[in-house]
Amino acid sequence: MESTRCVRSRSSQNFSGLPLIDIAYGADPVRGEDHGIARGIIAIGDEAHGWVALGGNARGYIALGRNARGLIALGGKAVGIIALGGISIGVIALGGLALGAVALGGLAAGGVAAGGMSLGVVSADTRREHGDTE
């Protein structure tokens, strides 16, 4: 049987029932995990859930990762009040594809939209400013 690499570190200090810092990467078969799940005030891991979450799938007030969901979300796919990423969905969305009340990006759609190609109530399509037309 191959050994599975797992990195796990959890602080002994707690706040609101959560460890201050929880780090989890890789599978931990002892815990029945197929990937590292971190839960804490600051959570870092494959699957991170915390006030500040960093990792592949990050969920928290501030989330940074490949798939980020939070009040402030930064990542490849970001969903939140303020979302910054390749694909961003939020009240304020900035990214390659931005959808939101205020959207800025390569392709932006929303109430106020600005970017390479924009669709919105108030829209600024920067392709026209640079003389780029199809």
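This passage describes three local sites in a predicted model, namely an aromatic cluster, a proline and a serine.

The aromatic residues are considered at the outset. The structure holds 2 aromatic pairs, and one of them is formed by Phe 15 and Trp 51, whose rings meet edge-to-face with a separation of 5.6 Å centre to centre and an angle of 90° between the planes. Because Phe 15 belongs to strand β2 (residues 14-15) and Trp 51 to strand β5 (residues 37-64), this pair ties together parts that are 36 residues apart in sequence. Trp 51 also forms an aromatic pair with Tyr 61, again described as edge-to-face, with 6.2 Å centre to centre and 75° between the planes. Through these ring pairs, Phe 15, Trp 51 and Tyr 61 are linked into a cluster.

The exposure of the three rings can be taken in turn. Phe 15 has a relative accessible area of 44% and is therefore classed as partly exposed, since that class covers the range between the limit of 20% for buried residues and the limit of 50% for exposed ones. Trp 51, with a relative accessible area of 34%, is likewise partly exposed, and Tyr 61 is partly exposed with a value of 49%.

The second site is centred on Pro 19, which is found in strand β3 (residues 18-19). The relative accessibility of Pro 19 is 9%, so this residue counts as buried, given that buried means under 20% relative accessible area. Although Pro 19 and Gly 40 are 21 residues apart in sequence, their C-alpha atoms are 4.9 Å apart in space. When neighbours within four places in sequence are left aside, Pro 19 is in contact with Arg 10, Ser 11, Gln 13 and Asn 14, and also with Arg 39, Gly 40 and Ile 41.

The third site surrounds Ser 88, a residue of strand β6 (residues 67-125). Ser 88 has a relative accessibility of 0% and therefore counts as buried. A polar atom of the Ser 88 side chain lies 2.8 Å from the backbone oxygen of Leu 94. Leu 94 also appears among the residues touched by Ser 88 when those up to four places away in sequence are not counted, and the other residues in this list are Ala 78, Ala 83, Ala 93, Gly 95, Leu 97, Ala 98 and Leu 99.

How values were computed:
Residues numbered from 1 in each chain as written. Predicted model: local features only at pLDDT ≥ 70, side-chain atom pairs only at ≥ 80, totals over all residues. Heavy atoms only, no water. Helix = DSSP H or I, 4+ residues; strand = E, 2+ residues; numbered from the N terminus. Buried < 20%, exposed > 50% of the residue type's maximum accessible area, 1.4 Å probe, protein only. Polar contact = N/O pair within 3.5 Å; in protein donor to acceptor, adjacent residues only side chain to side chain. Contact = heavy atoms within 4.5 Å. Phe/Tyr/Trp six-rings, centres within 6.5 Å; stacked < 30°, edge-to-face > 60°.
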